[in-house]
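Me: I am new to this structure and would love a close look at one part of it, namely the aromatic rings and what they pair with. Could you then walk me through a few other local features as well?

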Amino acid sequence: MESASYSGKFIKPEPVDLLEVPFSKFTPQNTKNTSAGLNIKLESIVKSEPSDPGPSLGQTGQCTPSSAPDVKNVKVDPENKRIPSSTRDVKNVKSEELQRQSVIEPSLYRRYDSVDDIAYTPESALHEGLGMVKTLKAGIDKLELGSKLRKDVWLREIDSLLGQGSPTTMIAICGATGAGKSSILNAILDDNIVPTSGMRACTAVVTEIAHHAAPTIDADVSFLSEAEWRAELTVLLDDLVDEGGNLKRTTDLRSDAGVAWHKVHAIYPSIAQEQLVHMTVDQILARDQNIARVLGTTKKISANNSTIFAEEIAQYIDSKDQKRGNKKDKKDKTKAVGKSLVSMSAKDKDKNAKKKDNGPALWPLIRQVNVRCNAQALSTGAVLVDLPGVADANAARNSIAKDYMKKCNCVWILAPITRAVDDKTARDLLGEAFKLQLMNGNYDAHTITFIASKCDDVSCSEIISALSLEEDPELEEIESRIEQYKEETEELKEKKVDATSWITTIDKQLKQVRASLSEYEQHKTALENGETFTPRLTAEAHQKQSAGKKRKNTCKDKSRSPKRHKSSNFGDNSDDDDFEVEADLYDHSSDDMDVDEEYKESDNGQGSDEEGQEQEEQEEGEGEQDARDDSSDDEPEEVTVEALQAKIDDAKEAIKVGREQLSGARKARKDAMDALSNLKKRETKAQRDKNAFCSLKRSEFSRDVLKEDFRVGLKDLDDAAAEERNPDSYDPTQNLRNYDEIDLPVFTCSSRDYVRIKGQVKGDGDPSCFSNPEDTGIPALQKWCHQLTISGRSRAAKQFHTHLKMFANSVQVFVDGIGDVTGADREALRDKWESTPQGDQNLFDGYDDEVMPYRGSSEDPLFSRNFRGLGLNGLFTMNNSSSLKVDARGELIGVTPRLVKEFSTHVEKCVSDLQGLFRDGLEDKCQVGAINAAEGAVQHVDEFAASMHWGTYRATLRRHGSWRRDLNVELLTPFTRNIASSWSTLFESDLFAPLSTACMLCVNKLLADVEASAAAGLKDYAHAQSSRSQEESRLALGKTMEVVKEALGTEQKEVSRCLAPHVQNELAGGYNLAMEECGKGSVARQKTVFHDYVDTHKHDIFDGGAEVLMGRLSAAAENIGKALSESLRELAEKVEVSLSVLWESTVDAPDQVHARSRIIQSVSQMLDQLTMWSTAAERVSTTS
């Protein structure tokens, strides 16, 4: 038999309906013999023997059925209801069928021949597992499952498996304005998605960035509702006017009035400040209907690249001042005259663009922005949340930001490295993040990360001095290179200057020689033609022999006396001295000349000749005048043609030599300039190496300091909390944890150099500090994104595969059947343990609240929000239309009713115990905490008012205590401090261990009873199935307890946060009364009014808070009971379905036999694949 193995290759042939093979042709004997040699690989394409052609896979991937025998000979013996011999041994039937029909089913997952072929990642494990689930579902859909209960339970299992995706890890990014959050984000994403600016704050709203596989960049921009914007407008208008109704100064954008004007003016740019003072909120809203229509909507953005996306998204999340950058408009108006039609048209377009830019901005109206992109750093489930770096007056956005801080898994704190060690804001953020994560109960070594940004901002001298790096060998080597390059540069500069000077000298001499040559040639021609010729330039040469004769100065050197100026270099006896250069011709001040321009001019083919010709013509006039002046005193010497020819030959030879020397000088200068250019590059590289060295040394130092500071700050927080909890027994010498093991993850990054190295931003030039991308710290931060998600991903993949394996085993057991068992034995078990008659609908349609007292309503928002993980959606809308099986006394019988009843008893006890624990552990503490808070409330209110500017105090009153500080939370500090220790102790304990143990005992007792009630022929099968059911129940119960614990953790966090809103509501009357005071002395009166209100109502406020807290805890326990009841009911149904294979028989129709055969093959393959995946996961875990 031939086979071809495709290890790890995804094969998905088209599905076909395969014809059946009649079972009458097979016997257990021949099946056994043929199956012994059967060996089908998981991903093999097996060709059938010629003697028995089966379905084959064509070139197109289509399974083509061949001829097959008739299939209509299966019969059931009605006498004893036993399965016919031809179908009793279903395994033998399907084994031979597999051999004869070697089928390749449509595959939705990759199949591997060996574990070595699997490149394990949690994502790939989940992805392939989901493909297995879909394959299994397709097979189950073709089966007759026998009972509605089995169908419901299995579909619930499938839905649960399909709903288990890869978990996400939410990372909140915090930092002051200008810390570089947006730049770091763009570097991590390897794309320019978030707007950045070097001059102002850009990110004004919460921006969540997640991964998707699509090539586009998508975003959902959600806007505030009209009610939310109306409420904020009311507060902003109050911030803009003083008590007398006059407009406050709005030029300072850090003031409340400046912030308010900036926001309102951004949305309504046509409203002047003077108008705004006299307008109501309704009038402002009615001013622009386009703005009104935007409220409460969601804008969807999709772009094919980051350039288009950045332009689209910037108008929503960029908080730029719409009036900046338009100072050129006034100047442009004065330049309109004389412009062409094209330029005027372009200017009109610019005006339209500016007009559009000056339109309304929408960023103050945005609640949140959700971005999805195909960034590799986020591919494993990391979700980055960019939080605004400034305070926000909008309550909705503030609430969103706080919610993100509460529910995020990790917090990243950003600060520029130049301030990271001493930055108070960064330290405060670290402390707040730690306290928040500690309160949420999810602090670990990876929870908080510190990122020092802008590492390319380097002052080498300061760093070297501060860190005493002067004698570092690596630095000395770099500095020696730099010094060597500088010395070589000076030498090359001198060579370049010398060559330049030599070129200048040669050029000058060549010009003189060429001028003389031209005159010699003219003179010679005149003599040959018998014409009279008066030499101008060369006359001096003919008169040189007449000693003591006067002559005019024909040289351009005006610094010497004309009478004492030496004769020209070119004369009768000066042929060998034509190119002597006097010392005064070297002018070393030419260092500063433009060498490149000169070099270019000299390189031009006839540049020197043309320039010489121009100078010659200029000097001709001077020569003529000199000749006239000298004609009266000097008589010209007789010149012959032979003498002139000799002069011409000498001049030509001099020009030839001069050109050769000029070429050499030019080459020397070019070589010097090329060497200088290369040397400059090497010096720049060496300086960059020095910058990188200093930056990395500073980063190393900063990491150590930040880690140690975090340990010290953590100990201070722990000590302060311990002293507050129990001042009498507090011992500062005792450490509450091993602080040496606390290792704060610190990354030092340069996003600017990273994007320059990668070419991500055009026009920024070369990197200033780093040459290697790894040194910028961004690649390490990208890897950290993956590292933060690995534990959750690995855990999810393992749980998913365990769940899938258990479900696949259940399906396999049902499809396999239990063998040769009489119908009477099956019916006996069915009568005793089946809960519903065959064909009936939902099992608990007839159950009432007495049986399941904690069945909850899915409409309860708190219930549905915190208990989604239990898969309870759609379980509360059952119809009371069918009956349940009851005994002679009218009591429900069967597996599920019995377990539900017993589970309900234990759930009631669990809820009662929880409420008792809450009362015993917290009620007394809450009462004492309320007294402490009431006693300190008045003093704290007075100190709060005295600690801030009167304008800020009024802004806080307008916002009901929550502005730059939250007075409501501060007033609760004595209350929460008193209950903190008991609270953490209570909720850190395992509150559900007794319930889990009791429920498992109920299941074990029932399984034992079922096994005991089985007939002799079913004993072994019952024992084996009881073991499987026990394992399934243990896993399902463990998952239920995990989800319920997580739900309780969420509940307790919600409960702990209910106190501040309660206090705020109770103090609303005091806030409003205080704000009614206006006029002269109103600030003092406001403080007095609020002081008196707090003094009058303080006990009611905090006593009521204690009652609210205990009431919420009791309600939380009730919700836990509802969730447990529903989840345990599902467990009871699962146990019954697992046991029902003992009394349910499979359908013997030919299509069902074939469907079972195929699903058994599919499940067998899945289980083998899951085993290999588990082995691959263990290998990865071991190596890591």
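Reply: Happy to help; we begin with the rings and then move on to charges over rings, an aspartate in a loop, cysteines, backbone angles and confidence.

Please keep in mind throughout that this is a predicted model. Searching the whole structure turns up eight aromatic pairs. One of them joins F918 and F987, whose ring centres are 5.7 Å apart; the planes meet at 35 degrees, so this pair is classed as tilted. F918 belongs to helix α28 (residues 895-946) while F987 belongs to helix α31 (residues 973-988), so the pair ties together parts that are 69 residues apart in sequence. Are these two residues buried or exposed? F918 counts as buried, at 2% relative accessibility, and F987 also counts as buried, at 17%.

Another pair is formed by Y1071 and F1090: the ring centres lie 4.9 Å apart and the planes are at 20 degrees, so here the pair is stacked. Y1071 sits in helix α34 (residues 1059-1075) and F1090 in helix α35 (residues 1082-1139), and the pair links distant parts of the chain, 19 residues apart. Both Y1071 and F1090 are buried. Elsewhere, ring pairs connect Y112, Y120 and W1173 into a cluster.

Rings can also have a charge over them. The charged end of K832 sits over the ring of W833, at 5.3 Å from the ring's centre. Likewise, the charged end of K1087 sits over the ring of Y953, with 5.8 Å to the centre of that ring.

Now for the aspartate. D456 is located in the loop between β12 (448-453) and α18 (460-467). With 8% relative accessibility, D456 counts as buried. Which residue does its side chain meet through a polar contact of 2.4 Å? The partner is the side chain of R752. Leaving aside neighbours within four places in sequence, the residues in contact with D456 are S750, R752, D753, S768, C769 and F770.

Next come the cysteines. A disulfide is a covalent bond between the sulfur atoms of two cysteines. How many disulfides does a search of the whole structure find? The search finds zero. C174, for instance, is in no disulfide, and the nearest cysteine sulfur, belonging to C408, is 7.3 Å away. C174 counts as buried, at 8% relative accessibility. C926 is in no disulfide either, with the nearest cysteine sulfur, that of C1058, 9.6 Å away. C926 is buried too, having a relative accessible area of 1%.

Two loop residues have backbone angles to look at. S468 has a phi near 55 degrees, which is a positive value in a residue other than glycine. This serine is found in the loop between α18 and α19 (473-528), and S468 is exposed, with a relative accessible area of 56%. H960 has a positive phi as well, near 55 degrees, and is not a glycine. H960 lies in the loop between α29 (950-958) and α30 (967-971), where this histidine counts as partly exposed at 23% relative accessibility.

Finally, a word on confidence. The protein has an average pLDDT of 75, and 70% of the residues score at least 70. Over residues 321-356, pLDDT is below 50, and this stretch has 16 contacts in the model beyond near neighbours in sequence. Residues 854-865 also stay under 50, and there the model has 31 contacts beyond four places in sequence. Where pLDDT is low, the predicted coordinates should not be read in detail.

Terms used
Residues are numbered from 1 along each chain as its sequence is written. This is a predicted model: local features need pLDDT of at least 70, side-chain atom pairs count only at pLDDT 80 or more; totals for chains, interfaces and linings use all residues. Side-chain values use heavy atoms; hydrogens and water are left out. A disulfide is a pair of cysteine sulfur atoms within 2.5 Å. Buried means under 20% relative accessible area, exposed over 50%, partly exposed in between (1.4 Å probe, protein chains only). Helices (H or I, at least four residues) and strands (E, at least two) are DSSP runs, numbered from the N terminus. A polar contact is a pair of N or O atoms within 3.5 Å; within protein, one must be able to donate a hydrogen and the other to accept it, and residues adjacent in sequence count only if both atoms are side-chain atoms. Contact means heavy atoms within 4.5 Å. pLDDT is the predictor's confidence in each residue, from 0 to 100. Rings of Phe, Tyr and Trp (its six-membered ring) pair if their centres lie within 6.5 Å; planes under 30 degrees apart count as stacked, over 60 as edge-to-face and the rest as tilted. A charge sits over a ring if NZ of Lys or CZ of Arg is within 6 Å of the ring centre and within 35 degrees of the ring normal.
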